[in-house]
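Me: I'd like a close look at one part of this model, and then a walk outward from there. Take your time and keep it chatty.

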Amino acid sequence: MFYRENGQFKTSYRADQQIFPIAQDRWVILTFIAFAFIGVPLLVDEYMFRAILIPFLILALAALGVNILVGYCGQISLGSGAFMAVGAYMAYNTYIRIDGMPLIVALLSGGFFATLVGIFFGIPSLRVKGLYLAVATLAAQFFCDWAFLRIGWFTNNTSSGSVSVSNLAVLGWTIDTPLEKYLFCLGFLVVFALLAKNLVRSAIGREWMAIRDMDVAASVIGIRPMYAKLSAFAVSSFIIGVAGGLWGFVHLGSWEPAAFSIDRSFQLLFMVIIGGMGSIMGSFFGAAFIVVLPIFLNQFLPALGALVGVEISTAAISHTEFMVFGALIVWFLIVEPHGLAKLWSIAKQKLRLWPFPH
Amino acid sequence: MKLRNLVLSVSIACAGVSAALVAPSAMAQAKEQFFPVLVYRTGAYAPNGVPFANGYVDYLKLVNERGGINGVKVSFEECETGYATDRGVECYERLKGKNGGATVFQPLSTGITFALTEKAPGDKIPLITAGYGRSESADGGVFKWNFPLSGTYWVAADTLIQHIAKKEGGSDKLKGKKIALVYHDSPFGKEPIPLLQERAAMHGFTLSLLPVTHPGVEQKATWLQIRQNRPDYVLNWGWGVMNSTALKEAQATGYPREKMYGVWWAGAEPDVKDVGAGAKGYNAIMMQHGAEPEAAVAKEILTKIHGKGQGTGPKEEVGQVLYMRGLQAAMLAVEGVRAAQDRYGKGKVMTGEQARWGYENLNLTQAKLDALGFKGVMRPISTSCQDHMGASWARVHTWNGSKFEWTSDWLQGDEQIIRPMVKAAADKYAAEKKLTRRTGADCQS
């Protein structure tokens, strides 16, 4: 009942080509965005901003990038952490080396350099597929780890190899408080999510999906695999690079290559798998699951222990957290292998018929 | 369907329960000095992180047994970082406002220290990095909220070279010698490099840098290089499993352990225990203390805390190197608050900002240390507005196959070398951040 679309007629091409053709979707998304911009700042405290929401937004952005590559184009990559690192370090370099560099331009330039690196490491995808490609993209991870640890230029020759930025400002708006940081990241995420959503509906997005589903058939109907694959690498690593820049600039403020280690690559890949491959919405669900759940468990388990009168030690909590987290991942993948986004669409289907299911 | 319903209802119930539990516990605490404890009891560095955490917590318990800080009881809460920077930042955010506000943070990881250095001034919470952290933060003129109390990696590197020079019979004998630095490839491991390079240029020894990637079990290539080059000394800047691996590799390579020197994080029982006799002769520079099972404070903890079954961790650990380091770190945190109370009112709970004043005006004389049970464990520490380090005493101890023994006199970092480097690095940081040095008036505040 809530989700019935009968009566919604599209009488023009414009109406037919909207991002969200169903009115309910439009309203829900608009409400969500309005809530995120206005409601959330009124409701949550500093801890939520700094420790949960900001990392969630940034990693959701990165997951979006990974989803374009892995979910839409079917090119499995384990180099996402490296592209984040490229984004962060190159944004840092343009930011400190060019006087009066605007923050947003610096972050985008990080994305630009990540694009170049992404395309370069995407070249093997023209020959190798699937698991083999995943292994080939690992090279990006190892190479970037090495480069940012060893080449002094990238870190402005700091003795410890750790770099930091501060005094972030956009056109006179200083980004200082957690709320401002949150809004800044949210702005990036909303813009990029809309762009990505549009991109995957367009001709190029269809090419990616055709390549994912069967590359031989796609090339028979006139899709150029090289162009499609490399453009997916380019777009995806641009978004990941910007997310890397935000992670370094906004979330950590000071970072070292370990912040973008192989663990980060795996984390991003898990977000896409758990959230839902080939779904923009899935990137958000995946990021929420992977970022929030361990922190939630970490705080919830001691409270649960206290309820039954058991004091659990820090180590035990940490171990339990890993076990529960792992078990939940396995459970999710068994119950819903298409990810959390599939649950979302099932919910929509049910609401369409509610309260009279057949 | 049933399973899904069950899971759904359980998770809703969980969310409700946790919301109900979290809310009152934040309200109940009052009039207690809150010390957040960032630890890692899991992960690759856990063997070294656990004794430190136990020592830290036991000392806080002991403070309460002794009647608190001028009557103010101490409360604390642990948060597991797993040595990961982003988890450390999360812990910081979680604990900084709890129970009336955090007094001080001790991140226990160079990476987390770097990230928190950016955040602490905004939150007005001091950071103690006792024996680690960024070396230039010893300059209080720029780093108002950082306190690398009792030593930095530059002090460690400097005292090590002094010790080696003494062993060789004078610093002029270092000319032409080869010294290799085997280091953990992270900010922690890279910290000593500028100072060693400075010393290498001064004395004319060659320094070769041999990085080892996290967590440090891959060292075959490194030790192949050592076998080829045969350096006169190997400095080991390792942490956790890296140290015992280095010792095993040294044994396999046939490199004399007597010529190996660890930093103070590379010279504790967990590092050498597994290697046993293979580690005999291995040295490590120690910031102030070493293994001190005979110290008065260790005995007091055994009777007052472990004796009542309140102890954290095994009894045998009390007095071991890392346990003592945790103990000392907690002691410094508590004594800063005591110093702050002298100014802002005895028996009151200090805010982070007030505690900062205490850390900046710390004056731990030998008499005070002896009274606290640290007789023979450490030497006096006194800080000031400009000097946030307070002391740079160090000694070398050597593993004799079953325990550590002191093998050098007290050494002190050479101010002539370290001070200009600290100032230059701090100025560079200030320029990058567009900070101005603190004025005399700011020092009084």
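Which helix of chain B holds Arg199(B), and what is Arg199(B) in contact with once its neighbours within four places in sequence are left aside?

Reply: Arg199(B) sits in helix 7 of chain B, residues 193-203. Bear in mind that this is a predicted model. With a relative accessible area of 5%, Arg199(B) falls under the 20% cut-off and therefore counts as buried. Leaving aside neighbours within four places in sequence, its contacts are Asp158(B), Ile161(B), Gln162(B), Gly204(B), Phe205(B), Asp414(B) and Ile417(B).

One of those contacts, Ile417(B), gives us a way into helix 15 of chain B, which covers residues 415-433. Ala425(B) is in that helix too. Setting aside residues within four places in sequence, Ala425(B) touches Glu136(B) and Trp154(B). Its C-alpha atom is 8.7 Å from that of Ser135(B), although 290 residues separate Ala425(B) and Ser135(B) along the chain.

Helix 15 of chain B also carries a salt bridge. Asp427(B) pairs with Lys423(B), and their closest N and O atoms are 3.1 Å apart. The two are 4 residues apart in the helix, so about one helical turn lies between them. Asp427(B) has a relative accessible area of 29%, which means it is partly exposed. Lys423(B) is partly exposed as well, at 43%.

Follow the chain on from helix 15 and you come to the loop between helix 15 and helix 16 (440-444) of chain B, which is where Lys434(B) sits. Most residues other than glycine have a negative phi. Lys434(B) has a positive one, near 55°. Lys434(B) counts as exposed because its relative accessibility is 68%.

Tyr83(B) also has a positive phi, about 65°, without being a glycine. You'll find Tyr83(B) in the loop between strand 2 and helix 3 (85-95) of chain B. Unlike the exposed Lys434(B), Tyr83(B) is buried, with a relative accessible area of 17%.

Strand 2 of chain B, residues 73-80, is worth a stop of its own. It pairs with strand 1 of chain B in the parallel sense, over 8 bridges. Within that pairing, Pro36(B) stands opposite Glu77(B) of strand 2. Strand 1 of chain B, helix 2 of chain B (residues 46-65) and strand 2 of chain B together make a right-handed β-α-β unit. Strand 1 spans residues 32-39, and 7 of its 8 residues are buried, so the rest of the structure largely encloses it.

Back to charges for a moment. Side chains of opposite charge can pair when their charged atoms come close. Over all chains, a search of the whole structure turns up 37 salt bridges. One that links distant parts of the chain joins Arg395(B) in strand 12 (residues 393-399) of chain B to Glu292(B), 103 residues apart. Glu292(B) lies in the loop between strand 9 (283-287) and helix 11 (296-304) of chain B. Their N to O distance is 4.0 Å, and both Arg395(B) and Glu292(B) are buried.

Glu360(B) and Arg356(B) make another salt bridge, at 2.7 Å from N to O. These two are both in helix 13 (residues 352-360) of chain B, 4 residues apart, so about one helical turn separates them. Glu360(B) and Arg356(B) are both buried, whereas in the helix 15 pair Asp427(B) is partly exposed and so is Lys423(B).

Salt bridges also take us over to chain A. Glu46(A) and Arg50(A) are linked with Glu93(B), Lys96(B) and Asp123(B) in a network of them.

On chain A, have a look at Ile38(A), in helix 2 (residues 23-43) of chain A. Ile38(A) counts as exposed because its relative accessibility is 55%. Along with Phe35(A), Phe37(A), Leu42(A) and Leu43(A), Ile38(A) makes a nonpolar surface patch of about 560 Å².

Phe37(A), part of that patch, is touched by Val190(A), as is Ile33(A), not counting residues up to four places away in sequence. Val190(A) belongs to helix 7 (residues 178-201) of chain A. Measuring from C-alpha to C-alpha, Val190(A) is 9.0 Å from Leu61(A), with the two positions 129 residues apart in sequence.

Terms used. Residues numbered from 1 in each chain as written. Chains lettered and ligands numbered in written order. Predicted model: local features only at pLDDT ≥ 70, side-chain atom pairs only at ≥ 80, totals over all residues. Heavy atoms only, no water. Buried < 20%, exposed > 50% of the residue type's maximum accessible area, 1.4 Å probe, protein only. Pairing = 2+ DSSP bridges. Right-handed = clockwise from strand over helix to strand, strands pointing away. Patch = residues over 30% accessible without salt bridge, like charges linked within 9 Å, V, L, I, M, F, W, Y side chains within 5 Å. Areas by Shrake-Rupley, 256 points an atom, 1.4 Å probe, with all protein chains shown as cover. Salt bridge = Lys/Arg side-chain N within 4 Å of Asp/Glu carboxyl O. Contact = heavy atoms within 4.5 Å.
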